[in-house]
Amino acid sequence: MEMIRDGGLWRHTEIDDATQVGAARRQVALACADAGVADELTGKALIVAVELATNLHKHARRGALFVKAASANTIDLVSVDHGPGMDLQQCFVDGFSTSHTHGTGLGAVRRLSAAFDAYTDPSGSVVFARVGVVPAGLEYGSLAVAIRGESVSGDQWALRADEGGWTLVMADGLGHGPQAHEASAFVGPIADIDTSPSLQLQRANDLSRGTRGSAAAALRCRTAQAALDYASVGNLHCVVQRREQAQVLPGQNGTVGGAFPAMKQQQVAVEPRGLVVVHTDGLSGRWSLDRYPGLRIRHPQVVCGVLFRDCNRHRDDATVVAIRS
C-alpha cells in the first residue's frame with residue numbers, strides 16, 4: 001500500500017452572496033497552486049468549486065465551501081450548509097432544478113469527482129467531492145480551521161498510513177495564534193516515529209518544553225490485530241464508533257510540555273469498517289451518530305462535515321478527523 005501522509009488546515013469561504021462564488025473559486029485556485037497541482041486537474045477542481053458554491057448560494061442557508069489539496073494529485077472539496085436539506089437522488093438527475101436553472105450542478109460534480117458522497121437531513125447537507133487520485137488503502141476525512149482572525153491554528157494533526165495500519169497524532173496548543181501553533185508543532189515528526197503512542201507523547205513532551213503546552217493524543221491502529229493503541233493528555237475527544245455503540249476513550253489530566261503525567265496506554269478493539277473520530281475542544285463532544293440515521297456508513301469526510309456543522313463552538317480553533325478502521 002502506498003504511504004499516506006496528511007495533515008493541516010482547510011481553506012474555506014462562507015457563501016452568503018453571489019460574489020462569494022468567485023471568492024470560493026479563488027481559494028481553490030490558491031490551494032491548487034500551493035500544492036503544485038497540474039493545470040488540467042486544477043481546472044476540474046475549479047468547475048466543481050463553482051458548482052458547489054453556486055448551489056450553496058441559490059439553495060442553502062449559512063453555507064460554506066472548504067478545500068484542501070492533500071497532494072499535487074488530490075484535491076478535496078466539502079460543501080456544508082444549515083438547511084433546508086435536499087432530495088439527493090433528484091438532484092443528481094440532469095435537468096432537475098428548484099431554481100429554474102439548467103440543473104446540471106451536482107450531476108456534473110459527481111462526474112468530475114474520483115470520490116463523491118453526501119448526506120442530507122432537515123438540518124442541512126454535506127457534499128464531498130475528491131478530484132484527482134483516491135489514495136488506496138485507507139478511508140478518512142478531516143476538517144480543520146483556525147479561529148476567525150488568525151492565519152495559523154493551535155490545532156495540528158498528522159496522519160500516517162502504511163501496510164500495518166495507521167497512526168494519528170493530534171494536538172491542541174493552549175490558546176490560539178502563533179504561540180499555540182508553536183506548542184503543537186511536534187505532530188508531524190512524532191507521527192513518523194514508529195513506536196507506541198505512550199512513547200510518542202513522552203517524546204512530544206520533551207520537544208514541547210519551553211512552549212505554552214498543549215493537549216495531545218496519539219493513536220496507532222494495527223489492522224491485522226483489529227486493535228487500537230491509544231494515549232491522550234488533556235481534553236481531546238476520541239471515540240471508537242461500533243455498530244452497536246460508541247466508546248469514548250478517556251484522556252489523562254495534564255499538559256504536554258508542562259504538567260505531564262506518567263503515561264498510561266490503553267488498547268481497545270476496532271471493528272472492520274468501524275469509525276474512529278478524534279477532535280479538539282473547538283467542537284463540542286456532546287454528539288452521537290445515533291442522531292443521524294445512515295451517517296455512520298457514509299464516507300468519513302462526510303461525517304467530519306456533519307460534526308463540524310453541528311458541533312463547532314466558533315470560539316476556538318477547530319479540528320476533526322474521522323478514519324474508517
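Modeller: Start with a cut-off. Two helix axes count as roughly antiparallel when their angle is over 145 degrees. Keep in mind that this is a predicted model.

Colleague: At roughly what angle do the axes of α1 and α2 cross?

Modeller: Helix α1 covers residues 19-35, and its axis crosses that of α2 at roughly 150 degrees. The two axes come within 9 Å. The angle is over the cut-off, and α1 and α2 are therefore roughly antiparallel to each other.

Colleague: Is that crossing of α1 and α2 left-handed or right-handed?

Modeller: Right-handed. Now look at the side of α1 that makes the contact: Val21, Ala24, Arg25, Val28, Ala29 and Cys32. From α2 come Thr42, Ala45, Leu46, Ala49, Val50, Ala53, Thr54 and His57. Sorted by class, this α1 and α2 contact holds 10 nonpolar, 3 polar and 1 charged residues.

Colleague: Which strands does α1 lie across?

Modeller: Helix α1 lies across β2, β3 and β4. Relative to β2, α1 runs at about 175 degrees.

Colleague: Back to helices. How do α2 and α4 cross?

Modeller: Apply the same reading. Helix α2 spans residues 39-59 and helix α4 spans residues 105-112. Their axes come within 9 Å and cross at roughly 155 degrees. That makes α2 roughly antiparallel to α4. The hand is left-handed for α2 with α4, whereas the crossing of α1 and α2 is right-handed.

Colleague: Which residues of α2 meet α4?

Modeller: Lys44, Ile47, Val48, Glu51 and Leu52 do so. Their partners in α4 are Gly105, Leu106, Val109 and Leu112. The class count for α2 with α4 is 6 nonpolar, 1 polar and 2 charged residues.

Colleague: On to sheets. What is the strand order in the open sheet of 5 strands?

Modeller: Read across the sheet, not along the chain. The order is β2-β3-β4-β6-β5, and the pairing is antiparallel. Strands β2 (11-15) and β5 (115-121) each have a single partner strand, so one side of each is left without a neighbour in the sheet. Neighbouring strands here are turned by 10 degrees against each other on average, direction ignored.

Colleague: How many bridges pair β2 and β3?

Modeller: There are 5 bridges, in the antiparallel sense. To find the register, take one residue pair: Thr13 has Leu65 of β3 as its bridge partner.

Colleague: And what is the order in the open sheet of 6 strands?

Modeller: That sheet runs β1-β8-β9-β10-β11-β14, with antiparallel pairing. At the edges are β1 (4-7) and β14 (266-269), and each pairs on one side only. The twist from one strand to the next averages 15 degrees.

Colleague: Where does β14 attach, and over how many bridges?

Modeller: Strand β11 (residues 227-233) is joined to β14 by 4 bridges, and the two run antiparallel. Tyr230 marks the register here, as it stands opposite Gln266 in β14.

Colleague: Now the backbone. What sign of phi, and which peptide form, do most residues and bonds have?

Modeller: Most residues other than glycine have a negative phi, and most peptide bonds are trans. Two spots here deserve a look. Arg62 has a positive phi of about 50 degrees although it is not a glycine. Arg62 sits in the loop between α2 and β3 (63-71). Then there is the peptide bond from Gly83 to Pro84, which is cis, with omega near 10 degrees. Pro84 belongs to the loop between β4 (74-80) and α3 (88-91).

Colleague: Last, the whole chain. How many helices and strands does the protein chain have?

Modeller: The count is 8 helices and 16 strands. For overall size, take the radius of gyration. A compact globule with 325 residues would be near 20 Å, and the protein chain has 19 Å, which agrees. Along the principal axes, the C-alpha atoms fill a box of roughly 65 × 40 × 35 Å.

Note on methods: Residues numbered from 1 in each chain as written. Predicted model: local features only at pLDDT ≥ 70, side-chain atom pairs only at ≥ 80, totals over all residues. Heavy atoms only, no water. Axes fitted to C-alpha atoms, helices over the stretch in contact; angles between N-to-C directions. Parallel < 35°, antiparallel > 145°, perpendicular 65-115°, else oblique. Left-handed = near helix turned anticlockwise from the far one by under 90°. Contact = heavy atoms within 4.5 Å. Nonpolar A, V, L, I, M, F, W, Y, C, P; charged D, E, K, R; others polar. Pairing = 2+ DSSP bridges. Rg over C-alpha atoms; globule rule 2.2 N^0.38 Å.
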